[in-house]
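The following exercises are to be worked from the sequence and the coordinates. Each task is followed by a solution in steps.

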Amino acid sequence: MPKLNIASQITFLYYHDLAAAQQFYEGILGLERVEDQGWAKIYRVSGQAFVGLVDEAHGSLKARPENAVMLTFVVDDVPGWYDYLREQGVTIRREYGRSDTIQIEYFFAEDPGGYVLEFERFLKPELTAVFHQQP
């Protein structure tokens, strides 16, 4: 295979109510909006990883009542995010916990479109070195 470069990554999520999603990702999660196309907004998650929010009326796909997508945010302070999102009234889908099997701490929340958001921290030092790198 030739050496082909992938410069960045964007995950696009589709919404019935784009304004509610925008408020959540900007106002609650505090993500930086790097592009505003009107019916699509793109936010930097970290480095060259992005999430795009799309109004289903204009996008390529439609929002669904149940989404088989989980967006995972690797963070250094899982309990801090858990407490903050609960204070903001965000729906918690799975309470804070730890998995000894895969050595993570985590919880699941829900965004305004019903997408599951996982906030997790890797506990294995070799994975911490990979996933917790600062830009």
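The radius of gyration is taken over C-alpha atoms, and the globule rule is 2.2 Å times the number of residues to the power 0.38. The model is a predicted one, in which local features need pLDDT of at least 70, side-chain atom pairs count only at pLDDT 80 or more, and totals for chains, interfaces and linings use all residues. Residues are numbered from 1 along each chain as its sequence is written, and side-chain values use heavy atoms, with hydrogens and water left out.

**Exercise 1.** Compare the radius of gyration of the protein chain with that of a compact globule.

*Solution.* Step 1: for 135 residues, the rule gives a radius near 14 Å. Step 2: the protein chain has 16 Å, which agrees. Step 3: along the principal axes, the C-alpha atoms fill a box of roughly 45 × 45 × 25 Å. Step 4: 37% of the 135 residues count as buried (under 20% relative accessible area, with exposed over 50% and partly exposed in between; 1.4 Å probe, protein chains only).

**Exercise 2.** Determine the order of the strands in the open four-stranded sheet, and locate the helix that packs on this sheet.

*Solution.* Step 1: the protein chain comprises three helices and eight strands, where helices (H or I, at least four residues) and strands (E, at least two) are DSSP runs numbered from the N terminus. Step 2: the order in the open sheet is β1-β4-β3-β2, with mixed pairing (two strands pair if DSSP finds at least two bridges between them). Step 3: β1 (9-15) and β2 (32-36) each have a single partner strand, so one side of each is left without a neighbour in the sheet. Step 4: from one strand to the next, the twist averages 25° (axes are lines fitted to C-alpha atoms, for helices over the stretch in contact; angles run from 0 to 180 degrees between N-to-C directions). Step 5: β3 (residues 40-46) and β4 (residues 49-55) run antiparallel and are joined by six bridges; Arg-44 stands opposite Phe-50 in β4. Step 6: helix α1 (residues 18-28) packs on the sheet and touches β1, β2, β3 and β4 (contact means heavy atoms within 4.5 Å). The direction of α1 makes about 155° with that of β4.

**Exercise 3.** Establish why strand β8 is described as largely enclosed, and identify strands joined to β8.

*Solution.* Step 1: six of the seven residues of β8 (residues 116-122) are buried, so the strand is largely enclosed by the rest of the structure. Step 2: five bridges join β8 to β5 (residues 70-74) in parallel fashion, with Val-116 as the bridge partner of Met-70. Step 3: β7 and β8 run antiparallel and share seven bridges; Phe-108 stands opposite Glu-118. Step 4: the hairpin of β7 and β8 has five residues between the strands, and Gly-114 takes a positive phi near 90° there.

**Exercise 4.** Classify the aromatic pair of Tyr-82 and Phe-107.

*Solution.* Step 1: rings of Phe, Tyr and Trp (its six-membered ring) pair if their centres lie within 6.5 Å; planes under 30 degrees apart count as stacked, over 60 as edge-to-face and the rest as tilted. Step 2: the structure holds 10 aromatic pairs. Step 3: Tyr-82 and Phe-107 lie 5.2 Å centre to centre with 80° between the planes, an edge-to-face pair. Step 4: Tyr-82 belongs to helix α2 (residues 78-87) and Phe-107 to strand β7 (residues 104-110), 25 residues apart. Step 5: Tyr-82 is buried at 12% relative accessible area, and Phe-107 is buried at 0%.
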